[in-house]
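Please look over the sequence and the structure shown here before reading on. The report that follows takes up a metal site, a core and a helix residue in turn.

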Amino acid sequence: MHCRLPKFVEEKDLVDFNEGEKMLRLYPSALTAWERMRTKALQSAIQMYIISAFRSISRQEEIITAKRAKGIPDEEIFKVSAPPGYSEHHTGRAIDIGTPGSPPLEEAFENTDAFQWLLANASKFGLRLSYPRDNDYGIAYEPWHWFFVG
Ligand SMILES: [Zn+2]
């Protein structure tokens, strides 16, 4: 199933930024697009924050290893996590978006005003939803995961 995902090169051109208490990294133009988009959304009283951004291939390996150590079968792991090398987060152009009042990284995000706003407006900022319901990659529906295509 995960063989349907494309392989990605780990981006080296990244900028650090603070999101709440967290230090995150993104490809420079992806960060600019995000900042513009968030500002625009705020004008409609839509609050959004980034849950995760760039992730290295070695970090992805750690995540998979930790899940296996908990006894989670690969079949379950790879429904929600890409194998190392196959995550869009390696490119520094993928962001997981959250909004106050909705639990992070859960399908319920689709019921938020933020998600409806993103569906209507994200493409104007060069972002697209990577894993819609029943996507061809065999990846679980991720309404929170958006990718900067430019
Ligand atoms: Zn993601």
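## Zinc site

Along the chain, the donors of the zinc ion follow the spacing H-x6-D-x48-H, where donors are N, O and S atoms within 2.8 Å of the metal (3.2 Å for Na, K and Ca), and water is not among the atoms, so sites may look incomplete. The protein donors are His-89 through NE2, Asp-96 through OD and His-145 through ND1, and they lie 2.0 to 2.1 Å from the zinc ion.

This is a predicted model, in which local features need pLDDT of at least 70 and side-chain atom pairs count only at pLDDT 80 or more, whereas totals for chains, interfaces and linings use all residues. Residues are numbered from 1 along each chain as its sequence is written, and side-chain values use heavy atoms, with hydrogens and water left out.

His-89 counts as buried because its relative accessibility is 3%, and Asp-96 counts as buried at 5%; buried means under 20% relative accessible area, exposed over 50%, and partly exposed in between (1.4 Å probe, protein chains only).

## Nonpolar core

The largest nonpolar core, a set of buried Ala, Val, Leu, Ile, Met, Phe, Trp, Tyr and Cys residues joined through side-chain atoms within 4.5 Å, has 28 residues, and Ile-95 and Trp-146 are among those with the most contacts inside it. Helix 1 gives the most to this core, with six residues; helices (H or I, at least four residues) and strands (E, at least two) are DSSP runs, numbered from the N terminus.

## Helix 2

Glu-62 lies in helix 2, which spans residues 57-69, and Glu-62 is partly exposed, with a relative accessible area of 47%.
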